[in-house]
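Work through the exercises below with the sequence and the 3D view open. Each task is followed by a solution in steps.

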Amino acid sequence: MAQTPRPSPAGAVEPVPAVARLAASQLRRVRAIVDAAVALAEQGGFEGVRLRDVAEASGVALGTLYKYFRSKEDVLLFALQEEMEKLEAALAARPARGDDAVERVTDLFARATRGLTRRPNLARAALRAVAAGEPELAAKVAGFHLRTVRLVVASLRAEPAPRGGGAGELGDERENAIASILDHVWFALLVGWAGGLHGTREVNERMRAAARLLVGEPAGG
């Protein structure tokens with residue numbers, strides 16, 4: 001699904017939501033394709049997602065599938081963005097909890113990790129898609145990281161979570177730096193989880209430690 005990148009206020013790149021320009025019949029095809037890819041990923045992980053099988057399971061021709069997605073990584077990134085939308089909605093309804101910034105950031109990443117890893121095979125497949133390094137998908141990968149950064153900034157400020165890839169303001173220079181580093185630490189820990197190096201408990205503990213180092217202990221802590 002071709003997307004034209006646009007610069008964000010911080011100079012990052014985020015994807016234009018091309019889905020919003022699709023007709024209802026096209027949206028139904030996209031939904032069927034993504035649902036089929038997710039089901040295959042849940043069964044067989046990254047290797048289980050083959051576009052020919054996705055096309056067959058979704059009831060569309062392979063050529064039609066390629067009109068919307070250029071690769072299986074592209075489909076999996078779309079599914080990952082939908083997971084981010086669910087997290088944003090949950091945080092908008094119930095913001096990250098905590099009496100200080102460290103606790104709020106820790107709660108944010110604990111909830112994000114729990115949501116992402118509740119379907120382990122799909123999560124591992126999506127993480128491989130993010131790490132694939134395909135230049136054509138750089139805007140979508142950047143959009144995923146930018147959304148995470150915005151959620152962290154909102155948690156640092158004890159503000160409502162922004163909704164949508166292009167919504168919400170970034171923070172000041174220090175907040176952006178903290179949020180970006182925490183985002184990359186989280187992603188690295190998720191890659192380690194996907195590879196069996198540690199469990200989600202270790203992910204949460206190390207994110208708390210990283211938040212303490214970057215944000216600082218609260219007064220009296």
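A residue is called buried under 20% relative accessible area, exposed over 50%, and partly exposed in between, with a 1.4 Å probe and protein chains only. The model is predicted: local features need pLDDT of at least 70, side-chain atom pairs count only at pLDDT 80 or more, and totals for chains, interfaces and linings use all residues. Residues are numbered from 1 along each chain as its sequence is written, and side-chain values use heavy atoms, with hydrogens and water left out.

**Exercise 1. Two loop residues**

Task: Find the loop that holds Gly195 and decide whether Gly195 is buried or exposed.

Solution. Step one: Gly195 sits in the loop between α8 and α9 (200-215); helices here are DSSP runs of H or I with at least four residues, numbered from the N terminus. Step two: its relative accessibility is 58%, so Gly195 is classed as exposed. Step three: Gly195 and Arg124 are 71 residues apart along the chain, yet 8.3 Å separates their C-alpha atoms.

Task: Do the same for Ala158, and state the sign of its phi.

Solution. Step one: Ala158 belongs to the loop between α7 (138-157) and α8 (173-194). Step two: Ala158 has a relative accessible area of 52% and is therefore exposed. Step three: its phi is near 60 degrees, a positive value in a residue other than glycine.

**Exercise 2. Helix α5**

Task: Compare the span of α5 with the expected span, then describe its start and its cover.

Solution. Step one: the expected span is 1.5 Å times one less than the number of residues. Step two: α5 covers residues 101-117, 17 residues in total, and its first and last C-alpha atoms are 24 Å apart, close to the expected 24 Å. Step three: at the start of α5, the backbone nitrogen of Val102 has a side-chain oxygen of Asp100 within 3.0 Å. Step four: 14 of the 17 residues of α5 are buried, leaving the helix mostly covered.

**Exercise 3. The cavities**

Task: How many cavities of 30 Å³ or more are there, and which helices line them?

Solution. Step one: on a 1 Å grid over the protein atoms alone, a cavity is a set of points where a 1.4 Å probe fits but cannot get out, a pocket is an open set with protein on both sides within 12 Å along at least five of seven lines, and lining residues have an atom within 4 Å of a point. Step two: the count is 2 cavities of 30 Å³ or more. Step three: the largest cavity has a volume of about 60 Å³, and α4, α5 and α6 (120-130) each give two or more residues to its lining. The most, 4 residues, come from α4. Step four: the second largest cavity has a volume of about 40 Å³. Its lining takes at least two residues from each of α4, α5 and α7, with the largest share, 3 residues, from α5.

**Exercise 4. The second largest pocket**

Task: What is the volume of the second largest pocket, and which elements give two or more residues to its lining?

Solution. Step one: the volume is about 210 Å³. Step two: the elements that give two or more residues to this lining are α4 (72-93) and α5. Step three: the lining residues include Glu83, Lys86, Arg111 and Trp186.

Terms used: Polar contact = N/O pair within 3.5 Å; in protein donor to acceptor, adjacent residues only side chain to side chain. Points joined across faces, edges and corners; volume = space filled by probe spheres on them.
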